[in-house]
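Q: Could you take a close look at how the helices pack in this one, and walk me through a single contact before moving outwards?

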Amino acid sequence: MIPDWLPLHRLVIPIAFCLAFAVIVAVDRPRGSWGRKLRSRLLLGVPWGTIIAVGIVICVYLFVQRGIDDPTDPVVIPFRAWSYVYPEGMVLSGLSHASLNHVVGNLLATLVVGSLAEYAYGHFPRRRGAISFRTLGENPVFRAFLVVPVAMIGGAIIASMFSIGPVIGFSGVVFALWGFTLVQYPLGSIVALAGASLLNVLYRAFRNPVVEASANPSYGGPWWANISIQGHAIGLILGVLIGAVLVRRRERHAATRGSIEREKWTRRPAIVVFTGVLLFASSRSLWAVYWFLGNERYVLYRAIGVGLIVLLALIVALAAAGGRDPIVPSWAVPNPETFREAVRSASPRTIGIVLLLFGFGVLAGPSIAPNLSTVSDEELPGDPIEVEGYEVTYAEDVPNQMVNVIDIEAFDRTTRVNTSGVIVKNADRGIWITAVSRGNLKYWGSRSVEIGGPGWRETIIAHRTGWKAIGTGTAYRVDLEHAGDRRTAFRSDPVEAEPTIEGRTVSVAAVEGGFEVSVTRGNRTNSRTSTESRTETAPLPAENESVELQGLTLTREERRIYAESNDTRVRVLERERYEGRERS
């Protein structure tokens, strides 16, 4: 039992930090140098742009996604990047999130890396002779309160526009910020990465100071199948390109200010940049290259992914730390003159930037065709629930229109895959998604699906009810419930129990709103005789009641149904169990 004085545990965190900070100050005696260092680059020493961007994301989560109604369950489906024909999703997907943990993780990382990136950029002009507030571009207020947050919000939109699939989250911007800081402070960024992890631990420790846990089963796909690797890589490359341009500008600026300034500006060694990027990419799982096989099956190309992040680290090292001198000496370049000039300009830095641009194109190019597509006019199976342009149903082994937009076959893999589960479609918004998979619903029994738009939401609940036939399979039905309306959206095929009692078999079938049991006398499938089978059917008996079919008595006791004849009593059916609920 957790004690009543649990809130006192939270005091451990601030007390420990205050004590540690006091000791560190006493040892270092900074005498204000820490604050002066921050104020030399940031207006009042505060990363205002990062704070504003974080505030915007919080407002979107609370008021647009209606997270204010339930912080743990925001509206998600309409705020994914579905298609260019649905600009609302494209604009908002980079600022929206799928859960409370999702938004908290991204924003804590943004506070750390965004502050470091904003410090590297600086609110005050660094060009020789520049005076703050003289022009708009040199105005620290303009740079802090407009340039930085607009750059972050714009990065979120760009990441959404060039990502494959219905992505959601601010992580594209987070990775762009990491890419920017890796160019400026390669190893400092790794320290900041550890700082982001610490901040996350502090948040969780303050929110849940004491946690009681026990071993229990769980349901979920592989962790790497929930990562938008392509979107993260696009953000990282975009940040590296911006950082490389800034480094080049400052390097040229230092070169024009004499030997003293050149001594202050030191280009990072390539090995340092390479190591920093490689450590970052491996820790952030950029090696997790995977593909869909359909129906919750995936394939991970781990070795290829590791090779790709090594190549990425090398290219970034060239772009950020490569020299400006040409690789090939002029005497080794043949005529004609145009070819000579092209080769002579091929410095390591230029090659690195060109390769980064090429990589950005390779990653972003395949997203254009799917994002230009629309949802087909093909009707959903079953009897969908319709709400404000949304259609919600349950189906099994139907073509996955989210993956099948463009038919591609390569490396023995294809985009022609099937899916099973609760399907949500909205033709006007370009939405088609398996909101709850078949396996997920089978595990939990009931799952809710949130649909809606900016400022409004509706909840549809999917219920699965099933009876297992002993020795064979399960007959089940899926009901959808909304605003008091409950209807059966799917019924599986009937199943027959394995036991045979005096030549009779028992089967169960899902019907509208319930189940039926049948008893068949004779062998319907494997009989080698001419004996004609006879079947009787009745509704599934209620608890502690029985029904007699073909001389066989079927008795229901709690979760089980027994077949009885003379002195023989055999369990033939059992109600399906679910982790999320127990049915009466």
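A: Start with H12 and H14 (residues 348-372) in this predicted model: their axes come within 7 Å and cross at roughly 130°. Angles over 145 degrees would count as roughly antiparallel and 65 to 115 as roughly perpendicular, so H12 and H14 are oblique to each other. As for handedness, H12 passes H14 in a left-handed crossing.

Now the residues. On the H12 side you've got Ile315, Val316, Leu318, Ala319 and Ala320, and they meet Pro348, Arg349, Gly352, Ile353, Leu355 and Leu356 of H14. Sorted by class, that contact comes out as nine nonpolar residues, one polar and one charged.

H12 (residues 302-321) has another partner to look at, helix H11 (residues 270-283). Here the axes sit 8 Å apart, and the packing angle is about 140°. The crossing of H11 and H12 is right-handed, whereas H12 passes H14 in a left-handed one. From H11, the contact takes in Ala270, Val273, Phe274, Val277, Leu278, Ala281 and Ser282. Facing them in H12 are Ile309, Val310, Ala313, Leu314, Val316, Ala317, Ala320 and Ala321. The class tally for H11 with H12 is 14 nonpolar, one polar and no charged residues. Val316 and Ala320 of H12 are worth picking out: they're in the list for H11 and also in the one for H14.

Moving along the chain, there's the pair H3 (residues 48-64) and H6. Their axes come within 8 Å and cross at roughly 50°, and H3 and H6 are therefore oblique to each other. H3 passes H6 in a right-handed crossing. H3 brings Trp48, Gly49, Thr50, Ile52, Ala53 and Ile56 to the contact, and H6 answers with Ala144, Phe145, Val148, Pro149, Met152 and Ile153. That contact has ten nonpolar and two polar residues, with no charged ones.

H6 also takes you to a cavity. The count is two cavities of 30 Å³ or more, and the second largest holds about 30 Å³ of space. Helix H6 (140-161), helix H7 (171-184) and helix H9 (229-255) each supply at least two residues of its lining. Gly155, Ile158, Ala159, Gly172, Val173, Ala176, Ile234, Gly235 and Leu238 line that second largest cavity. By class, its lining splits into six nonpolar and three polar residues, and no charged ones.

One last thing on charge: the lining of the second largest cavity has no charged residues, and neither does the contact of H3 with H6 or that of H11 with H12. The contact of H12 with H14, where we started, has one.

Notes:
Residues numbered from 1 in each chain as written. Predicted model: local features only at pLDDT ≥ 70, side-chain atom pairs only at ≥ 80, totals over all residues. Heavy atoms only, no water. Axes fitted to C-alpha atoms, helices over the stretch in contact; angles between N-to-C directions. Helix = DSSP H or I, 4+ residues; strand = E, 2+ residues; numbered from the N terminus. Left-handed = near helix turned anticlockwise from the far one by under 90°. Contact = heavy atoms within 4.5 Å. Nonpolar A, V, L, I, M, F, W, Y, C, P; charged D, E, K, R; others polar. 1 Å grid on protein atoms, 1.4 Å probe; cavity = no way out; pocket = protein on both sides within 12 Å on 5 of 7 lines; lining within 4 Å. Points joined across faces, edges and corners; volume = space filled by probe spheres on them. Parallel < 35°, antiparallel > 145°, perpendicular 65-115°, else oblique.
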